[in-house]
Amino acid sequence: MPWVLKFWTTGDPNATPPVPAVTWNLTGAVVTPYDVPPGQVSDITNALNAIAGLSSYAAGRLNNYGQDIRVGYDPGSPGGADRFAADKFIVIDVAAANNFHFFNSFGKLVQGNLGLTLMHELAHIYLNTTDSPRGASDATMDGMNFDFRGAVIDEQNKIAEDGNLTDQIQVSYQAAGLGLDSIFVANVSYTDNNEIDVARIDTAFANSMDHTLNTTRVRDLLFGMGATIR
Ligand SMILES: [Zn+2]
């Protein structure tokens with residue numbers, strides 16, 4: 001069953017010709033979608049077609065999504081998912097998503113791939129789960145074998161691997177975000193292209209990062225930003 005994409009638009013009955021509304025049931029929604037700008041409609045459509053063309057695993061996920069794939073606009077958001085609305089949907093601002101960077105498995109800060117970012121948000125819905133590392137305290141992250149990725153990043157990485165996007169394996173949910181390229185140099189490996197399992201950037205609140213308890217995923221790239229590192 002090929003997937004059906006729907007983009008939120010409030011429509012305009014007075015336009016010539018009238019623009020029909022495309023909306024859905026927001027009961028329970030946490031996020032309010034805005035009309036998706038026409039340019040972003042084509043960016044999103046193309047990015048999903050591209051990732052489905054690269055990865056048969058992603059194509060399978062889209063084909064078996066089980067409902068219309070609903071997308072709204074949220075200014076400034078690099079991506080979000082609303083699993084709580086009566087009709088589940090994702091939101092994104094492509095302009096922000098294009099500014100999203102993360103550390104990959106070669107210690108390199110890379111720009112996120114729009115198709116993977118969209119699949120990440122859709123995975124929140126079809127796996128019905130959150131990003132488990134989100135909001136973890138520093139003490140929690142120092143715990144034995146803390147999972148810096150979670151099920152949704154794992155899924156995103158599985159699609160990247162299947163699609164041969166070898167530069168797009170994200171090692172940590174946390175070492176990622178908007179404007180990171182203003183702090184670090186993008187497209188440069190901080191590990192001389194050696195593979196890593198985890199990247200962690202100290203927050204302003206922690207005075208230390210301690211990974212000595214880890215027995216798996218022990219190849220770390222840690223940015224202390226003033227912290228003590230063990
Ligand atoms: Zn997420």
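**View 1. Strands S2 and S4 in the four-stranded sheet of this predicted model.** Strand S2, residues 69-73, and strand S4, residues 89-92, run parallel and are joined by three bridges. Within this pair, glycine 72 has valine 91 of S4 as its bridge partner. The two strands belong to an open sheet of four strands, whose order is S1-S2-S4-S3 and whose pairing is mixed. Strand S1 (5-7) and strand S3 (80-82) stand at the edges with a single partner strand each, so one side of each has no neighbour in the sheet. From one strand to the next, the twist in this sheet averages 30°.

**View 2. Strands S5, S6 and S7 in an open sheet of three strands.** The order of the strands in this sheet is S6-S5-S7, and their pairing is antiparallel. Because strand S6 (109-111) and S7 each have a single partner strand, they stand at the edges, and one side of each is left without a neighbour in the sheet. The twist averages 25° from one strand to the next. Strand S5, residues 100-103, pairs with S7 in the antiparallel sense, and three bridges connect them. Along this pair, histidine 101 stands opposite glycine 177 in S7.

**View 3. Strand S8, covered on both faces, and its pairing with strand S10.** In a regular strand, side chains alternate between the two faces of the sheet. Strand S8, residues 198-201, has Val198 and Arg200 on one side and Ala199 and Ile201 on the other, and all of these are buried, so that both faces of the strand are covered. S8 pairs with strand S10, residues 220-223, in the parallel sense over four bridges. Arginine 200, one of the buried residues of S8, stands opposite leucine 222 in S10.

**View 4. The packing of helix H2 against helix H6.** Two packed helices are described by the angle between their axes and by the distance between those axes. For helix H2, residues 56-63, and helix H6, residues 150-162, the angle is about 130° and the axes are 7 Å apart. That angle makes H2 oblique to H6. On the H2 side of the contact are Ser56, Tyr57 and Ala58, which meet Lys158, Ile159 and Asp162 in H6. Sorted by class, the residues of this contact are three nonpolar, one polar and two charged.

**View 5. Arginine 61 in helix H2.** Is arginine 61 buried or exposed? Arginine 61 has 21 other C-beta atoms within 10 Å, and it is therefore buried, the cut-off being 20 or more. Proline 13 stands 48 residues away from arginine 61 in sequence, and the distance in space between the two, from C-alpha to C-alpha, is 35 Å.

**View 6. Helix H6, its buried residues and what covers them.** H6 has 13 residues and reaches 18 Å from its first C-alpha to its last, which is close to the 18 Å expected at 1.5 Å a residue. Its buried residues are Val152, Ile153, Glu155, Gln156, Asn157, Ile159 and Ala160. What covers them includes helix H1 (38-54), H2 and helix H4 (114-126). Ile159 thus appears both among the buried residues of H6 and among the residues that meet H2. H6 is followed by asparagine 164, whose phi is positive, near 65°.

**View 7. Backbone details in three loops, at proline 17, asparagine 164 and aspartate 192.** Most residues other than glycine have a negative phi, and most peptide bonds are trans. In the loop between S1 and H1, where proline 17 is found, the peptide bond from threonine 16 to proline 17 is cis, with omega near -10°. Asparagine 164, in the loop between H6 and strand S7 (176-178), has a positive phi of about 65° although it is not a glycine. With 10 C-beta neighbours inside 10 Å, asparagine 164 counts as exposed. Aspartate 192 lies in the loop between S7 and S8, and its phi, near 50°, is likewise a positive value in a residue other than glycine. Aspartate 192 counts as exposed because it has 7 C-beta neighbours inside 10 Å, where 12 or fewer is the limit for that class.

Terms used: Residues are numbered from 1 along each chain as its sequence is written. This is a predicted model: local features need pLDDT of at least 70, side-chain atom pairs count only at pLDDT 80 or more; totals for chains, interfaces and linings use all residues. Axes are lines fitted to C-alpha atoms, for helices over the stretch in contact, and angles run from 0 to 180 degrees between N-to-C directions. Angles under 35 degrees count as roughly parallel, over 145 as roughly antiparallel, 65 to 115 as roughly perpendicular and the rest as oblique. Two residues are in contact if their C-beta atoms, placed from the backbone, lie within 7 Å. Ala, Val, Leu, Ile, Met, Phe, Trp, Tyr, Cys and Pro count as nonpolar, Asp, Glu, Lys and Arg as charged, and the others, Gly among them, as polar. Two strands pair if DSSP finds at least two bridges between them. The expected span of a helix is 1.5 Å times one less than its number of residues.
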